[in-house]
Amino acid sequence: MDVRPFRSPNAMKKLVLLITLLSLPSLAADDFQLPVTYDTLKNGLRIIIVPDTNVAVVSCRLYYFVGSMYEGPGTSGLSHMFEHMMFKGTRRLNTSDYRKEVPIMRNIDSLEAEIVSIQRKSEQNNDSLKKALHDQVMALLDKQRKFIKKDEIWQLYQNNGGTRLNAWTADDMTAYIVTLPRNKVELFYWIESDRMRDPVLREFYSEREVVAEERRMRYDNRPLGKYWERLNALFYIAHPYRLPTIGWATDIQAYTRRKLEEHVKRFYTPDNALIVLAGNVDPTAARKSIGRYFGSIPRAKVPKEEVVTREPQPVGATRFTMREDGEPRLDILFHVPGYPHDDLYKLDIVEGIFSGRSGRLYRRLVDKEGLCTNAGAGNHIRLHNGEFHIWAELKNSTDPAKVEAIIREELKKISEKRPTEKEIMRISNEIRMSFVSALKSLEGLSDRLAWFERLRSWRDLLSYPAMIAAVKPEEIPGVASMYLNPELATVGALLPKKAPAPRAKSGAPKSGRR
């Protein structure tokens, strides 16, 4: 095994001191340290452990390196669907008699396949037949539920002092998380190894409807969600980042248990996973326990294929306007490199120049011009093709064209004139302080370590403050002009619905007629 302890446990005390000092310009950036122990089991499972004896709990997180970027037509949202299904249990958890459930689930699958076949082949109205089949499915589900121990996983964690129990899905990662008392961490090993080894997709079709309703609530019936989904799909024309993490509505309705099982077998395996423990835990004992629980779980039969698609260079501007009863806003998106790339640190500085109440966009659009209620920017670093985002929340009476013109002026300024040393120092210190402050919580530290390990290596977390501190004022105009070109941007506007044109008075000639 590749066991590489990075620092002694006492280094955690140094981290607390460094978090306090990082706001000072005189801080030596290369002093940033973490007491990380890194390990990889023979089956490919990666382990990161950060001990801290000053607390009584342990943040326990299991990450799978899969998300919507590994999906496609007909499979969009499967990773999010499995996030829901992971709480349905295993052959041992959430059930009183798994063997009695198996034939029931098979019968439900057969009926659902028949419903799908009717929907695909028949153009006639077969609602009565589909309803009859659906009623049979519900009757079988009621029968199966006699053997289901509802929410057993949640209850096991909560009854043993578990807090922050949750899960989330992104485009390139999925996480299952809980914080436990230090003497209950073995429960995490037992539950998560069982979920990795033998997940059971029980109550699949009823949960599919839960996901469909979640999509309707968050996207289809919510103007801002609908707007972002469309804008993102226009920004990424080739890369699967364009897919919504929750999945397209028609894909959700076409999910089958078999389709999700195939997805799980491909991606939810130890060679595509990472465990991060942060808190009052002994690294040596933890490595042994993780090996005992997870070590016998096999790798994927077919190694995961990485996404090879990359965004082509934009050839012009793309514009999208949606009129809905939502808060008006303007968004301008620019393509930037994926990770790793030195320009990403410079773009983080550009984000700082534009963002916050002291940022150039807020001062100009909110304070000076009074056109907006808020404005800022974000440099969104991603594994492949990243995104730099400038946004403005408009007042109802504001002309979006005027706001866009002002943003163009600010882009021109930053592309032609270097910021002052004082401005760069302020922004650099703010970024580094914010970055390290996020590591004060065990949960925040765990997520940052996992994110950098996903991008390339957890060690990149240690070098981030130094890379930010190394950015020079004279580098900013060049990076801004290279990537933030309005003629190659994707511009979105969410605006109020237009008022209907007034009706012509009775007897008056109608437009276009004589």
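This is a short tour of a predicted model, with a selection to make at each stop.

**The whole chain**

Start with everything shown as a cartoon. The protein chain holds 18 helices and twelve strands. Colour by burial if your viewer allows it: of the 514 residues, 53% are buried. Among contacts between residues at least 6 apart in sequence, 81% join residues at least 24 apart.

**Stop 1: the five-stranded sheet**

Select β8, β9, β10, β11 and β12. Together these strands form an open sheet with mixed pairing, in the order β8-β12-β9-β11-β10. Look next at the two edges, residues 318-323 for β8 and 372-380 for β10. Each of these strands has a single partner, so one side of each is left without a neighbour in the sheet. On average, neighbouring strands here are turned by 10° against each other, direction ignored.

Keep the sheet on screen and add residues 360-368, which are helix α13. This helix packs on the sheet and touches β10 and β11. The direction of α13 makes about 160° with that of β10.

**Stop 2: strand β9 and its two partners**

Now narrow the selection to residues 329-336, which are β9. How many of its eight residues are buried? The count is eight of eight, and the strand is mostly covered. Switch on the side chains to see how they alternate. Arg329, Asp331, Leu333 and His335 point one way, while Leu330, Ile332, Phe334 and Val336 point the other way. Both sets are buried, charged names included: Arg329 and Asp331 are among them.

As a reminder, strands of a sheet pair through backbone hydrogen bonds, either parallel or antiparallel. Bring in residues 386-394 to see β11, which pairs with β9 in the antiparallel sense over eight bridges. Then add residues 490-495 for β12, also antiparallel to β9, with five bridges.

Leu333 is a handy residue to centre on. Its bridge partner in β11 is His389, and in β12 Leu333 stands opposite Thr490. Step along to Phe334 and you will find that its bridge partner in β11 is Phe388.

**Stop 3: a cis peptide bond after β9**

Select Tyr339 and Pro340. The peptide bond that joins them is cis, with omega of about 0°. Pro340 is in the loop between β9 and α12, the helix at 343-354. For context, most peptide bonds are trans.

**Stop 4: helix α2, wrapped up**

Move to residues 78-85, which make up helix α2. Eight of its eight residues are buried, so this helix is largely enclosed by the rest of the structure. The buried residues are Leu78, Ser79, His80, Met81, Phe82, Glu83, His84 and Met85. What do they pack against? Show β5 (163-169), β6 (174-181), α7 (204-220) and α10 (257-267), and you have the answer.

**Stop 5: helices α6 and α11**

Select residues 185-197 and 283-294 together. The axes of these two helices, α6 and α11, come within 9 Å and cross at roughly 30°. That makes α6 roughly parallel to α11, and the crossing is right-handed. Turn on side chains at the contact: Glu186, Tyr189, Trp190, Glu192, Ser193, Met196 and Arg197 of α6 meet Ala286, Ser289, Ile290, Arg292, Tyr293 and Phe294 of α11. By class, this contact has seven nonpolar, two polar and four charged residues.

While you are in α6, click on Asp194, which belongs to this helix. Is Asp194 buried or exposed? At 5% relative accessibility, Asp194 counts as buried. Leaving aside residues up to four places away in sequence, Asp194 touches Thr90, Arg92, Leu93 and Pro199.

**Stop 6: Glu213 in α7**

Glu213 sits in helix α7. This residue is partly exposed, with a relative accessible area of 42%. Measure from its C-alpha to that of Ala249 and you should get 9.6 Å, for a pair 36 residues apart in sequence.

**Last stop: two positive phi values**

Most residues other than glycine have a negative phi. Two places in this model are worth a click with that in mind. Asp151 has a positive phi of about 60°; look for Asp151 in the loop between α4 (127-144) and α5 (152-159). Asp151 is partly exposed, at 33% relative accessible area. Finish at Arg164 in strand β5, where phi is near 55°. Arg164 is exposed, with a relative accessible area of 56%.

Key: Residues numbered from 1 in each chain as written. Predicted model: local features only at pLDDT ≥ 70, side-chain atom pairs only at ≥ 80, totals over all residues. Heavy atoms only, no water. Axes fitted to C-alpha atoms, helices over the stretch in contact; angles between N-to-C directions. Helix = DSSP H or I, 4+ residues; strand = E, 2+ residues; numbered from the N terminus. Parallel < 35°, antiparallel > 145°, perpendicular 65-115°, else oblique. Left-handed = near helix turned anticlockwise from the far one by under 90°. Contact = heavy atoms within 4.5 Å. Nonpolar A, V, L, I, M, F, W, Y, C, P; charged D, E, K, R; others polar. Buried < 20%, exposed > 50% of the residue type's maximum accessible area, 1.4 Å probe, protein only. Pairing = 2+ DSSP bridges.
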